[in-house]
Amino acid sequence: MFSNNNTILKTGDWIKAESPKGELIIGYIESLSLETLEGVVKVTVVTSDNNQTVGKTIPILSKRVKKLPVSNVTNKAQIEFLLDLALSTGGKEWFLALSSELNAMKQLVDGVH
């Protein structure tokens, strides 16, 4: 874990960052490293101004990273979107957790009818 502007960064956190070339990056922390005094996070890029980095894991200084707020998923459409994202990024555990949440939601709806 790294502390960054009074925020603790950890593996799996969704972040936004600016690359050394000034490109916007949104992704999640794959791993943390103590390669430098300031710390480096390895980020899997989900979207970016530079399409060539999308899907790649790149090192970014932790001071360039801002943790995104945790979002509560509240409806079926949001879960289905996140399922697609989990599939495209290879997040097996995340996909399984979302699938379980979607199934629980379906069972709740079926129980109401």
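Q: Helices (H or I, at least four residues) and strands (E, at least two) are DSSP runs, numbered from the N terminus. How many helices and strands does the secondary structure of the protein chain come to?
A: This is a predicted model, in which local features need pLDDT of at least 70 and side-chain atom pairs count only at pLDDT 80 or more, while totals for chains, interfaces and linings use all residues. Residues are numbered from 1 along each chain as its sequence is written, and side-chain values use heavy atoms, with hydrogens and water left out. From the N terminus on, the elements run β-β-β-β-β-β-β-α-α. The secondary structure comes to 2 helices and 7 strands.

Q: In which strand of the protein chain is confidence lowest?
A: pLDDT is the predictor's confidence in each residue, from 0 to 100. Its mean over the protein chain is 80, and 81% of the residues reach 70 or more. Where pLDDT is low, the predicted coordinates should not be read in detail. Confidence is highest in strand β7 (residues 65-67), at 90, and lowest, at a mean of 55, in strand β1 (residues 2-4).

Q: What share of the residues of the protein chain count as buried?
A: A residue is buried under 20% relative accessible area, exposed over 50%, and partly exposed in between (1.4 Å probe, protein chains only). The protein chain has 113 residues, and the share that count as buried is 30%.

Q: What span should the 14 residues of helix α1 have?
A: The expected span of a helix is 1.5 Å times one less than its number of residues. Helix α1 takes in residues 76-89, and its end C-alpha atoms are 20 Å apart. This agrees with the expected span, which is 20 Å.

Q: Within what arc do the buried residues of α1 fall?
A: The buried residues of α1 are I79, L82, L83, L85 and A86. Seen down the axis, they line one face of the helix, because they fall within a limited arc (that of the directions from the helix axis to the C-beta atoms). On the other side, A77, F81, D84, L87 and S88 are exposed. The arc of the buried residues is 165 degrees.

Q: Which residue follows α1?
A: The residue after α1 has a positive phi, near 75 degrees. This residue is G90.

Q: By about how much are E80 and K76 separated in helix α1?
A: The side chains of E80 and K76 meet in a salt bridge (3.9 Å, N to O). A salt bridge is a side-chain nitrogen of Lys or Arg within 4 Å of a carboxyl oxygen of Asp or Glu. E80 is partly exposed at 35% relative accessibility, and K76 is partly exposed at 45%. The two residues are 4 apart in helix α1, so their separation is about one helical turn.

Q: Which residues are linked in a network of salt bridges?
A: The count of salt bridges comes to 3. In one of them, the side chain of K10 meets that of D13 (3.6 Å, N to O), and in another the side chain of K67 meets that of D13 (3.8 Å, N to O). K67 is in strand β7 and D13 in the loop between β2 (7-9) and β3 (14-18), 54 residues apart, and this pair links distant parts of the chain. The network is made of K10, D13 and K67.

Q: Is D13 buried or exposed?
A: K10 is partly exposed, with a relative accessible area of 36%, and K67 is partly exposed at 26%. D13 has a relative accessibility of 8%, which is under 20%, so it counts as buried.

Q: What distance separates the C-alpha atoms of L61 and V40?
A: L61 lies in strand β6 (residues 57-61) and is partly exposed, at 26% relative accessibility. Along the chain, L61 and V40 are 21 residues apart. Their C-alpha atoms are separated by 4.5 Å.

Q: With which residues is T53 in contact, leaving aside its neighbours within four places in sequence?
A: T53 has its place in the loop between β5 (40-48) and β6. Its relative accessible area is 14%, so T53 is buried. Contact means heavy atoms within 4.5 Å. Apart from those neighbours, T53 is in contact with V45 and S48.

Q: What distance separates the C-alpha atoms of A97 and L83?
A: A97 lies in helix α2 (residues 92-112) and is partly exposed, with a relative accessible area of 46%. L83 is one of the buried residues of α1. A97 and L83 are 14 residues apart along the chain, and their C-alpha atoms are separated by 9.4 Å.
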